[in-house]
Amino acid sequence: MLGANIGIDLGTTSVVAFVEGKGVVMSEPSAAAYEKESGKLLAVGKRAWDMIGKNPDSIRVVKPMEHGVVSDFTATKHILKYILSKICKNMIFKPNVVICVPSMATSLEKRTILDLVTSAGAAKACLIEEPLAAALGAGIKSTRPVGAMVVDIGGGTTDIAVITMGCISVSRSIKVAGNTFDEAIARQIRRERDVIIGDKTAEMLKKQIGYSFLRDVELGMTVKGKHFITNLPVSIEVSSTEVYLAMRPHLEAIAEAVRSVLELTPPELSADICESGIYLTGGGALLKGMDKMIEKKTGIKTFIAKDAMNCVALGTGEALAHIDILSQNGYVFKARDEIGGLEPELSE
Ligand SMILES: Nc1ncnc2c1ncn2[C@@H]1O[C@H](COP(=O)(O)OP(=O)(O)O)[C@@H](O)[C@H]1O
Ligand SMILES: [Mg+2]
């Protein structure tokens, strides 16, 4: 293959890569593992993620985008390098990359990421806002003068935006999303049952018996943890009601944030949203009953987008295909020397 156009969703939980003509080709956890003393890179992506909670003291596992901001540029660069080298290993020319970064990233972080992508192997790079990519990936024809609402529920942040004519009209990002649910479940079990469970176990409970509403018929799941007082391993049965009660305040926070964006939306765009509905994207949209919960709290019909977890990456692919239209709104590919203005230690 000569070269390619690549779209990357640099998410708080996972990095998803899209290749023009092929579709989504890769999805890896946003994680990197290092030897603590020497700082040597040991693993990236799934291999690093598998070490979380099981790593010895000598190994440090970093999730550099976990809270919606870039907390570790070196780890971010290692993740990008890994993705690009895997995709481009048989290519002659460097690829052009459209990249989507966590919406809470500051403009310095965004510019730094653009620079990191080009230093990681891209010929030219272009940034796109997450909600816009999510809308494009959800199949919303966002270049038309018709308002549409997208709610992207990721791991670290929930991003709510009203899109019209390829631009974001109103948006809000809150740090309540998939990881918040996991933390709340673990906290509840520690408080009520005196058992400490790991993040991955809490996530498993959420995916298996987590619902956005109180079920009439309770479900149960047996999980393993450590007793808070004796420190010994224990096995306990957790109910869907306990999981729901732990998540409830955070579910309400998401619904409230959606309502607040609707309140700020100009009337003509509001009318469009009433007509077309709300689209949910991101892994958090897969929590059972999320669509019904938002529909109930807003009175607006709500849909889970097809292939919700890959929507943002698919949207970067859509952006690659329509870069001419998007360029009218200022989305332009830039080469490394056009980005500029960075601290020298970051631009290696
Ligand atoms: N079936 C599911 N039910 C509930 N939550 C899910 C499900 N699948 C994935 N998630 C959650 O989605 C979140 C990750 O979503 P994703 O869109 O990949 O995040 P990001 O864009 O922040 O990388 C995680 O918190 C994960 O637990
Ligand atoms: Mg995302």
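**Note on two sheets and a ligand site**

1. Val 223 has Ile 236 of β14 as its bridge partner. This pair is a suitable starting point for reading the structure, which is a predicted model. Strand β13 covers residues 220-227 and is joined to β14 by 7 bridges, with the two strands running antiparallel. Another position in this pairing is Gly 225, which stands opposite Val 234 in β14.

2. The turn that links these two strands deserves separate attention. The hairpin of β13 and β14 has 5 residues between the strands, and within the hairpin Asn 231 adopts a positive phi near 65 degrees.

3. A further strand, β12, is joined to β13 by 2 bridges, and this pair is also antiparallel. Here the bridge partner of Ile 196 is Lys 226 in β13.

4. Taken together, these strands make an open sheet of 3 strands in the order β12-β13-β14, and the pairing is antiparallel. Which strands stand at the edges of this sheet? They are β12 (195-196) and β14 (233-239); each has a single partner strand, so one side of each is left without a neighbour in the sheet. When following such strands by eye, the reader may bear in mind that side chains in a regular strand alternate between the two faces of the sheet.

5. There is also an open sheet of 6 strands, with the order β3-β2-β1-β7-β8-β17 and mixed pairing. Its edges are taken by β3 (23-29) and β17 (334-335), and because each of these has a single partner strand, one side of each lacks a neighbour in the sheet.

6. Within the 6-strand sheet, β1 (residues 5-10) and β2 (residues 14-19) are paired in the antiparallel sense through 5 bridges. As an example of positions that face one another, Gly 7 stands opposite Phe 18 in β2.

7. The ligand should be examined next. Around ligand 1 there are 17 residues, of which Thr 12, Thr 13, Ser 14, Glu 203 and Lys 206 come nearest. By class, the shell divides into 3 nonpolar, 11 polar and 3 charged residues.

8. Where does ligand 1 sit? Ligand 1 is placed in the largest pocket. Two elements give two or more residues to the shell around the ligand, namely α5 (178-193) and α6 (199-209). The greatest contribution is that of α6, with 3 residues.

9. Several polar contacts can be located in the model. An oxygen atom of ligand 1 lies 2.8 Å from a polar backbone atom of Ser 14. A polar backbone atom of Gly 155 is 2.9 Å from an oxygen atom of the ligand. For Glu 203 the side chain is involved: one of its N or O atoms is 2.5 Å from an oxygen atom of ligand 1. As to cover, ligand 1 has 590 Å² of accessible area on its own, and the protein covers 91% of this area.

Note on methods:
Residues are numbered from 1 along each chain as its sequence is written. Chains are lettered from A and ligands numbered from 1 in the order in which they are written. This is a predicted model: local features need pLDDT of at least 70, side-chain atom pairs count only at pLDDT 80 or more; totals for chains, interfaces and linings use all residues. Side-chain values use heavy atoms; hydrogens and water are left out. A residue is near a molecule or strand if one of its heavy atoms lies within 4 Å of it. A polar contact is a pair of N or O atoms within 3.5 Å; within protein, one must be able to donate a hydrogen and the other to accept it, and residues adjacent in sequence count only if both atoms are side-chain atoms. Accessible areas come from the Shrake-Rupley method with a 1.4 Å probe; for residues, only the protein chains shown count as cover. On a 1 Å grid over the protein atoms alone, a cavity is a set of points where a 1.4 Å probe fits but cannot get out, and a pocket is an open set with protein on both sides within 12 Å along at least five of seven lines; lining residues have an atom within 4 Å of a point. A molecule sits in a cavity or pocket if more than half of its atoms lie within 2 Å of its grid points. Helices (H or I, at least four residues) and strands (E, at least two) are DSSP runs, numbered from the N terminus. Ala, Val, Leu, Ile, Met, Phe, Trp, Tyr, Cys and Pro count as nonpolar, Asp, Glu, Lys and Arg as charged, and the others, Gly among them, as polar. Two strands pair if DSSP finds at least two bridges between them.
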